[in-house]
Amino acid sequence: MAVTLQTKYPISPITNNIPRTHRPSLLRLRVTCSVTTTTKSQPNREKLVVVINPTLSNDPTLQSTWTHRLWVSAGCTTVFASFAKSIIGGFGSHLWFEPALAGFAGYILADLGSGVYHWAVDNYGEESMPLVGTQIKDSQDHHKWPWTITRRQFANNLHFLARGITLAVLPLDLAFSDHVVHGFVSTFAFCVLFCPQFHAWAHGTKSKLPPLVVALQDVGLLVSRTQHVNHHRLMYNTNYCVVSGAWNKVLDESKFFEALEMMVYFKLGVRPRSWSDPNSQWIEETNISNNNQT
Ligand SMILES: [Zn+2]
Ligand SMILES: [Zn+2]
């Protein structure tokens, strides 16, 4: 009996387009083979479906290491020390309004900062750049495969910003005792440190998220899923803020980032990636199964 196997699409060109670091987590390919037998007068075509679905939990690039955990612990410790200084100062002075207002300002400005930083790494720079090169590469990969952020373990997702927070807040903890200053610093640093987690929750499935997270998203204290999904559409040059998302509407309606891009272009001659054509490799790949995305 002669059996001819055909795959409609070759597998290797698909997998070769996926960075090595992402292949294990994304390799969910539906392979359809046409089987033709010649023992009968009429060819008998059957569909054979093979699903390759390795466990995502085995992908080392998405898992936390002890180094990641140590940096996140250090970041949390410095933020907590700053917060404690603010609370202790409030008890000592009986002045609560000023540190509370400073904390609110920290929360609001952290959202704005997350948007500006997100816009910058989305649009400018290269993987080879020192310090931020990894963030730029991660940003581009996130736009190609947004759903992987929900598979990233907690410390793996937070460790990069935790390093920055540790190095920035530790000197402030040691140098300042003003509880109003620490009201601002602790809230701002907390939101920056945890904004990758807020971002991951914005990609989560509502039924799988903790009810408190869903409630905070629904009232606008954390960036909402519906707001962030607009950032990942083809014309994605909107909704960059990923703490509360409170700034997104005003920044988008005022065309703040478009104005910044024009300034950068006319001053430096550098085009942002958001001006790329829709067929750019920067755009999300939709041929690969993304059942986990919401
Ligand atoms: Zn982005
Ligand atoms: Zn995203």
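**Exercise 1.** State whether Asn 230 is buried, partly exposed or exposed, and why.

Solution. Count the other C-beta atoms within 10 Å of Asn 230: there are 13. A residue is buried at 20 or more such atoms, exposed at 12 or fewer, and partly exposed in between, with C-beta atoms placed from the backbone. Asn 230 is therefore partly exposed.

The model is predicted: local features need pLDDT of at least 70, side-chain atom pairs count only at pLDDT 80 or more, and totals for chains, interfaces and linings use all residues. Residues are numbered from 1 along each chain as its sequence is written, while chains are lettered from A and ligands numbered from 1 in the order in which they are written.

**Exercise 2.** Place Asn 230 in its element and find its contacts beyond four places in sequence.

Solution. Asn 230 belongs to helix H9, residues 225-231. Helices are DSSP runs of H or I with at least four residues, strands are E runs of at least two, and both are numbered from the N terminus. Contact requires C-beta atoms, placed from the backbone, within 7 Å. With neighbours within four places left aside, Asn 230 contacts Thr 238 and Asn 239. Tyr 240 is 10 residues from Asn 230 along the chain, and their C-alpha atoms are 9.6 Å apart.

**Exercise 3.** Compare the expected and actual spans of helix H11.

Solution. H11 covers residues 256-268, which is 13 residues. The expected span is 1.5 Å times one less than the number of residues, so H11 should span 18 Å. Its end C-alpha atoms are 18 Å apart, which agrees. After H11 comes Gly 269, with a positive phi near 75 degrees.

Terms used:
Contact = placed C-beta atoms within 7 Å.
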